[in-house]
Amino acid sequence: MSRFAQFGPKLRQYGASSARMFLYCAIPTACFIHTVFDYAGEITPSYGPSMLPTLNMAGDMLMIERLPG
């Protein structure tokens with residue numbers, strides 16, 4: 001069970017609306033995604049012949065690392 005899912009029944013017990021439930025889950029998820037893509041890396045497509053035969057000419061998705069190394 002996720003960390004935030006355990007609070008769902010309690011919030012509904014106190015009358016939280018579905019919009020509030022959505023925001024309660026969406027805001028931490030958006031913050032997590034923002035942190036990962038700004039500080040850890042990004043997903044980008046690869047294209048072109050420079051990495052043949054390791055990668056396809058088009059269609060491979062790569063995780064570009066941004067962590068200090």
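This briefing describes the fold, the annotated segment, the charged residues and selected contacts of one protein chain. The structure is a predicted model. The chain has 69 residues, of which buried residues make up 10%. Its secondary structure consists of 2 helices and 2 strands, arranged along the sequence in the pattern α-α-β-β.

**Overall architecture**

- The accessible surface of the chain is about 5,900 Å², and carbon and sulfur atoms contribute 65% of that surface.
- Among the contacts in the chain with a separation of 6 or more, 26% are between residues 24 or more positions apart.

**Annotated segment**

- An unreviewed UniProt entry carries the annotation "transmembrane region" for residues 21-41.
- In the model, residues 21-41 are 95% helix and 5% strand, and the C-alpha atoms at the two ends of this span are 29 Å apart.

**The salt bridge between E42 and R66**

- The count of salt bridges in the model is 1.
- E42 and R66 form a salt bridge, in which the closest N and O atoms are separated by 2.6 Å.
- The pair joins distant parts of the chain, since E42 belongs to strand 1 (residues 41-47) and R66 to the segment after strand 2, with their positions 24 residues apart in sequence.
- E42 counts as partly exposed because its relative accessibility is 30%, a value that falls between the limits of 20% for buried and 50% for exposed.
- R66 is likewise classed as partly exposed because its relative accessible area is 41%.
- Side chains of opposite charge can pair when their charged atoms come close.

**The buried acidic residue D60**

- D60 is located in strand 2, which covers residues 58-65.
- The side chain of D60 is without a salt bridge although the residue is buried.
- For D60, the nearest side chain of opposite charge is that of R66, at 20 Å; a salt bridge would require a side-chain nitrogen of Lys or Arg within 4 Å of a carboxyl oxygen, so this separation rules out such a pairing.
- A polar atom of the D60 side chain does lie 2.8 Å from the backbone nitrogen of N56.
- Not counting residues up to four places away in sequence, D60 touches T44, P45, S46 and L55.

**S46 and its contacts**

- S46 is placed in strand 1.
- With a relative accessible area of 10%, S46 is classed as buried because the limit for that class is under 20%.
- Apart from neighbours within four places in sequence, S46 contacts L55, N56, M57, A58, G59, D60 and L62.
- The contacts of S46 thus include D60, whose own contacts in turn include S46.

**M57 in the loop**

- M57 is found in the loop between strand 1 and strand 2.
- The relative accessible area of M57 is 45%, so the residue is partly exposed.
- The residues M57 touches are S46, Y47, G48, P49 and L52, with those up to four places away in sequence left out.
- M57 and S46 are 11 residues apart along the chain, and their C-alpha atoms are separated by 7.5 Å.

Methods. Residues are numbered from 1 along each chain as its sequence is written. This is a predicted model: local features need pLDDT of at least 70, side-chain atom pairs count only at pLDDT 80 or more; totals for chains, interfaces and linings use all residues. Side-chain values use heavy atoms; hydrogens and water are left out. UniProt positions are given in the numbering used here, feature names are shortened, and annotations may be inferred rather than shown by experiment. Helices (H or I, at least four residues) and strands (E, at least two) are DSSP runs, numbered from the N terminus. Buried means under 20% relative accessible area, exposed over 50%, partly exposed in between (1.4 Å probe, protein chains only). Lys and Arg count as positive and Asp and Glu as negative; His and the chain ends are not counted. A polar contact is a pair of N or O atoms within 3.5 Å; within protein, one must be able to donate a hydrogen and the other to accept it, and residues adjacent in sequence count only if both atoms are side-chain atoms. Contact means heavy atoms within 4.5 Å. Accessible areas come from the Shrake-Rupley method with a 1.4 Å probe; for residues, only the protein chains shown count as cover.
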